[in-house]
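Morning, everyone. Have the sequence and the fold open in front of you, and let's walk through the structure together.

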Amino acid sequence: MMKYVIVVPVKNESRFIEKTIQSITRQTIKPLFCLFIDDMSTDSTAAIIQNYSRQFSYMKYQTNTANSSQDEYQLGGHIVRLLLKGKRIIDSYHIDYDYLVKLDGDIQFDATFIESIWQKIKGDNYGIVSGTPYSIRKQKKIYNDSPPWHSRGQFKIYNKDCIEQIGGPPTMLGWDCADNIRAIEFGWKTKVFQVPEYRMSRAIGGKFSLARGRVNHGIGAYQLGYHPIYFILRTLYNMFEPPYFIGSCYMLYGYVNSVFTSDKKSLTSKQVKILRRLHWRHFRKKVTYQLERPISVVKEVSLNKLQNT
């Protein structure tokens, strides 16, 4: 049986947190401990969590006072600091667990989510894994594409030995990519599984304005060491997905501005080489798929015509 604990960093999630809590409590494999780190919410987030914590003994609420001067939810390093603070608190209880789960406070997932992940990873050398995120737009599922090794930041499942070996994710934008690369360097497998899926109540970066969210993506790409050509190709690719041209422009601004104003890096030169190798491998596969797809469609149509004559 999977022995796991959960850390949920939250700030002003009163609209969505109850759905996340209900997803946790419905799991067929229950957590040993679930800690909510509240980053000084000013809405009813605290009251909602505390109400549920009185009903479920494994659920605890903790206020983070170190960020009391900030009014907004923060990405990047601050999220990682809350995650690692939660881990230290859980470890102080001397709980015997094998996996640490990091959740956002605005996601929903099926009752068998953890059990499904466990069936995929048990007995194997997986260090960090996730399911596939989606959001709903105009009554349709919208997926955010990522390489198969890039476990997603909204719902991360860390092998305890792995997260301790890599020293945790870096406290910077792009941390949810960098932790995968660090794990791969140490010989761990990382994976985003197509199934199970989880629903994000907002699109990625939805807590922020379009400009800020996309600029942050560009900054994170620079700090991770994206190859400039790969980054340009990625921005061109993103022009065909919402928010189309303007979103790509914001990403490009964040990256280029960082070239001249920032010397921060979240990966070593060796790790950057690993990242770039994985990026180009994924890129080649996508290009090959797109080139072969029309041929496959033509063949399928031709075969159907033959069968119908």
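Let's start with an empty space: the largest cavity holds about 30 Å³. By cavity I mean a set of points, on a 1 Å grid over the protein atoms alone, where a 1.4 Å probe fits but cannot get out; a pocket is an open set with protein on both sides within 12 Å along at least five of seven lines, and lining residues have an atom within 4 Å of a point. Grid points are joined across faces, edges and corners, and the volume is the space filled by probe spheres set on the points. Searching the whole structure turns up 1 cavity of 30 Å³ or more.

So what lines the largest cavity? The lining is Y4, I6, I24, Q27, V101, L103, F109, I114 and F155. Strands β1 and β4 are the elements that give two or more residues to that lining. By class it has 8 nonpolar, 1 polar and no charged residues. For the classes, Ala, Val, Leu, Ile, Met, Phe, Trp, Tyr, Cys and Pro count as nonpolar, Asp, Glu, Lys and Arg as charged, and the others, Gly among them, as polar.

Now, before we go on, a word on what you're looking at. This is a predicted model, where local features need pLDDT of at least 70, side-chain atom pairs count only at pLDDT 80 or more, and totals for chains, interfaces and linings use all residues. Numbering runs from 1 along each chain as its sequence is written, and side-chain values use heavy atoms, with hydrogens and water left out.

pLDDT is the predictor's confidence in each residue, from 0 to 100. The mean for this protein is 89, with 87% of residues at 70 or more. Over residues 296-309, though, pLDDT stays under 50, and the model has 0 contacts there beyond four places in sequence. A contact means heavy atoms within 4.5 Å. Where pLDDT is low, don't read the predicted coordinates in detail.

Overall, we have 10 helices and 9 strands. These are DSSP runs numbered from the N terminus: H or I of at least four residues for helices, E of at least two for strands. Of the 309 residues, 48% are buried, where buried means under 20% relative accessible area, exposed means over 50%, and partly exposed is in between (1.4 Å probe, protein chains only). Take the contacts between residues at least 6 apart in sequence: 81% of them join residues at least 24 apart.

Next, helix α4, residues 113-121. Which of its residues are buried? They are F113, I114, I117, W118 and I121. These residues sit on the same side of α4, because they cover an arc of only 130° around the axis, taking the directions from the helix axis to the C-beta atoms. What covers them includes β1 (4-10), β4 (99-103), β5 (107-109), β6 (126-137), β8 (155-159) and β9 (189-200). Just after α4, G123 has a positive phi of about 80°.

Helix α1 (17-25) is worth a look too. Its buried residues are I17, T20, I21, S23, I24 and T25, and they pack against β1, β2, α2, β3 (59-63), β4 and β5.

One residue to click on in strand β8 is N159. N159 is buried, at 12% relative accessible area. Leaving out residues up to four places away in sequence, N159 touches D98, Y99, Y126, G127 and W188. The C-alpha atoms of N159 and Y126 are 7.1 Å apart, with the two positions 33 residues apart along the chain.

Back to empty space. The second largest pocket has about 400 Å³. It has 17 lining residues, and T132, N144, D145, S146 and Q194 are the closest to its centre. Strands β6 and β9 each give two or more residues, and β9 supplies the largest share, 5 residues. The lining divides into 7 nonpolar, 5 polar and 5 charged.

Last, some backbone oddities. Most residues other than glycine have a negative phi, and most peptide bonds are trans. N12 isn't a glycine, yet its phi is positive, about 50°; N12 lies in the loop between β1 and α1 and is partly exposed at 26%. M40, also not a glycine, has a positive phi of about 60°. You'll find M40 in the loop between β2 (33-38) and α2 (45-53), partly exposed at 29%. Finally, V195 and P196 are joined by a cis peptide bond, with omega about 10°, and P196 is in strand β9.
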